[in-house]
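Dear colleague,

I am passing on the structure below, and after it you will find some notes on what turned up when it was examined. Please keep it open beside you while you read.

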Amino acid sequence: MAEFFRGRRLRRSAALREMVRENEVRAQDLIMPYFVVDTEDASFRKPIGSMPGQYQLSLQEFEKQVDAAVGNGLRSVLLFGIPKAKDAVGSEGYADDGIVQRAVRLCKQRWPELVVITDVCLCEYTDHGHCGILRTEGDTVTVENDATLELLARTALSHVRAGADIVAPSDMMDGRIQALREALDAEGFRDTPIMSYAVKYASAFYGPFREAAESAPKSGDRKTYQMDPANSREALREATADVLEEADFLMVKPAGPYLDIIRMVRDQFDLPVAAYQVSGEYSMIMAAAQNDWINGDAVAMESLLGIKRAGADLIITYFAEDLLARGLVQ
Ligand code: PBG
């Protein structure tokens, strides 16, 4: 029996460390979100203040940026739209010539191999900023679940008709996976997968995104439809429901503060698991890096590795484009 365990034997050289490395972040694991704006100004490219390095882009600027990213090895995008006009029922969200629908057509035309995922939700398109339609009774305003389902299904269908490879509902209405699946099947899109934001918490980490997507609720919050950050068993109920409704991917969101949930979902289900490293997670790393308080590249990579180690197969991250551009992920 040796005196004690000498862990450093397998850490002696970079080559040895690589041989025993258990997890890695690969180009095909990453999905890059984009914010596309419906505007006549072809050169529109507006920095998102709270997300250094991220922009709201016109369709033309989006094309340039994705072209470079695809050249650098980007495999998949997640699209968000910022419409010209918002209304109570989010009609621009399911308009055939809506901004996301146009962005999807462009992507499929320009880069047929790129996996195009669309976020399906109404909050960027409603004038009140909620993810569904509202019902007012006396003084109480509620987000109406069942009436919203039909509009979400219409949105998903319009994305798929435009050529989306995968639809990703992020609204957290109950029954939405079933509603989308039925709508897609009825139109012959039986083979189009649904990536469910199955376990989505009512998180303060979405703050910067709401600036980026101009989707902050005008009043109230999303706590009646998104999950309570204190709960983990509830994550299993949400994921189970979506599996029964035939989701093809399960997503956990946010990622970093919910690694235990990623691991639990990974262990309990056999579907591919995606994790969304959300805007606030990105912004915190960027802010500290800009102050030289941390090494931004190293922390970004470590955060992604942690998410993979927790069990995620795929990561939606605002770091994707830059890490690929600089060869930090291959
Ligand atoms: C839309 C949606 C949100 C995010 C993705 N889809 C915001 C929200 O639910 O308020 C957050 C993404 C991020 O913070 O990066 N419902």
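An N or O atom in the side chain of Arg222 is 2.8 Å from an oxygen atom of the ligand, in what you should bear in mind is a predicted model. The side chain of Tyr318 likewise has an N or O atom 2.6 Å from a ligand oxygen atom, and a polar side-chain atom of Ser279 lies 2.7 Å from an oxygen atom of the ligand. Taken alone, the ligand exposes 400 Å², and the protein buries 100% of that. The space that the ligand takes is the largest cavity.

Around the ligand there are 17 residues, and the closest are Lys200, Arg210, Lys253, Ser279 and Tyr318. By kind, this shell divides into nine nonpolar, three polar and five charged residues.

There are also pockets to look at. The largest pocket holds about 250 Å³ of space, and it is lined by 18 residues, of which Tyr282, Met286, Tyr318, Phe319 and Asp322 lie nearest its centre. Helices H9 (279-290), H10 (296-309) and H11 (320-325) each supply at least two residues of that lining, with the largest share, four residues, coming from H11. Ten of the lining residues are nonpolar, four are polar and four are charged.

The second largest pocket has a volume of about 190 Å³, and its lining is made up of Glu18, Arg21, Asn23, Glu24, Val25, Met301 and Leu305, which divide into three nonpolar, one polar and three charged.

With best wishes

Technical notes. Residues are numbered from 1 along each chain as its sequence is written. This is a predicted model: local features need pLDDT of at least 70, side-chain atom pairs count only at pLDDT 80 or more; totals for chains, interfaces and linings use all residues. Side-chain values use heavy atoms; hydrogens and water are left out. A residue is near a molecule or strand if one of its heavy atoms lies within 4 Å of it. A polar contact is a pair of N or O atoms within 3.5 Å; within protein, one must be able to donate a hydrogen and the other to accept it, and residues adjacent in sequence count only if both atoms are side-chain atoms. Accessible areas come from the Shrake-Rupley method with a 1.4 Å probe; for residues, only the protein chains shown count as cover. On a 1 Å grid over the protein atoms alone, a cavity is a set of points where a 1.4 Å probe fits but cannot get out, and a pocket is an open set with protein on both sides within 12 Å along at least five of seven lines; lining residues have an atom within 4 Å of a point. A molecule sits in a cavity or pocket if more than half of its atoms lie within 2 Å of its grid points. Ala, Val, Leu, Ile, Met, Phe, Trp, Tyr, Cys and Pro count as nonpolar, Asp, Glu, Lys and Arg as charged, and the others, Gly among them, as polar. Grid points are joined across faces, edges and corners, and a volume is the space filled by probe spheres set on the points.
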